[in-house]
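Take a moment to look over the model before reading on. Follow the chain from one end to the other, then come back to the text.

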Amino acid sequence: PALRRSWGTWLREYGSRVCAEGRDDGERRAQQDGANPLYIPRNHLLQRAIEAAEKEDDFGPAREMMEALRRPFTEQPGCEAWAQAAPPELARKVGVAVLS
């Protein structure tokens with residue numbers, strides 16, 4: 001109940017602020033996208049690249065991730081995998097996803 005009230009208060013305040021700014025949704029989204037990177041070197045992604053290099057002598061995943069991270073704010077075709085949150089099966093795997 002307290003959390004729901006807090007969220008309700010926050011949402012009302014945010015909605016009021018958005019209306020008061022009078023900006024178009026596209027403009028606001030562009031500003032948010034410019035401040036929040038799409039590609040982040042998350043632990044589970046780093047682990048995938050490390051394991052490919054160590055176990056399979058495959059440095060391709062590390063190179064792909066580094067390429068995506070060169071322009072972290074810009075959507076890049078073919079780099080979708082490097083923008084993913086940890087999959088549910090890794091949610092409790094200590095050292096890989098717990099810190100992501």
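**A walk through the helices**

R28 forms a salt bridge with D25, and their closest N and O atoms are 2.3 Å apart. A salt bridge here is a side-chain nitrogen of Lys or Arg within 4 Å of a carboxyl oxygen of Asp or Glu. This is a predicted model: local features need pLDDT of at least 70, side-chain atom pairs count only at pLDDT 80 or more, and totals for chains, interfaces and linings use all residues. Residues are numbered from 1 along each chain as its sequence is written, and side-chain values use heavy atoms, with hydrogens and water left out.

Stay with R28 for a moment. R28 lies in helix α2, which covers residues 25-35. Helices are DSSP runs (H or I, at least four residues), and strands are runs too (E, at least two); both are numbered from the N terminus. D25 lies in α2 as well, three residues from R28, about one turn of the helix. Why does that spacing matter? An α-helix has 3.6 residues a turn, so residues three or four places apart point the same way.

Are the two partners buried or exposed? R28 is buried, with a relative accessible area of 10%. D25 is exposed, at 51%. The cut-offs are simple: buried means under 20% relative accessible area, exposed means over 50%, and partly exposed lies in between (1.4 Å probe, protein chains only).

The R28 and D25 side chains are also joined by a polar contact of 2.3 Å. A polar contact is a pair of N or O atoms within 3.5 Å; within protein, one must be able to donate a hydrogen and the other to accept it, and residues adjacent in sequence count only if both atoms are side-chain atoms. Which residues further along the chain does R28 touch? Leaving out residues up to four places away in sequence, R28 touches Y14, V18, E21 and R23. Contact means heavy atoms within 4.5 Å.

Now look at E21. E21 and R17 share a salt bridge, at 3.3 Å from N to O. Both lie in helix α1 (residues 2-21), four residues apart, about one turn of the helix. E21 is partly exposed, with a relative accessible area of 35%. R17 is exposed, at 56%.

How many salt bridges does the whole structure hold? A search finds four. One of them lies in helix α4, where E67 pairs with R70, the closest N and O atoms being 3.1 Å apart. E67 and R70 are three residues apart in α4, so about one helical turn separates them. E67 is partly exposed, with a relative accessible area of 38%. R70 is exposed, at 59%. Elsewhere, salt bridges that share partners join R17, E21 and R23 into one network.

Stay with α4, which spans residues 60-70. Which of its residues are buried? They are G60, P61, M65 and A68. These residues cover an arc of only 130 degrees around the axis, which puts them on the same side of α4. The arc is that of the directions from the helix axis to the C-beta atoms. What does this buried side pack against? The buried residues of α4 pack against α3 (43-56). The face turned away from the buried side carries the exposed residues R63 and R70.

Go back to the surface. L3, W7, W10, L11 and Y14 make a nonpolar surface patch of about 570 Å². Patches are made of residues with over 30% relative accessible area and no salt bridge: like charges are joined within 9 Å, and nonpolar side chains (Val, Leu, Ile, Met, Phe, Trp, Tyr) within 5 Å. The areas come from the Shrake-Rupley method with a 1.4 Å probe, and for residues only the protein chains shown count as cover. One of the patch residues, L11, is in helix α1.

Two loops are worth a stop. G22 lies in the loop between α1 and α2. G22 is exposed, with a relative accessible area of 62%. D57 lies in the loop between α3 and α4. At 62% relative accessibility, D57 counts as exposed. Phi of D57 is near 55 degrees, a positive value in a residue other than glycine.
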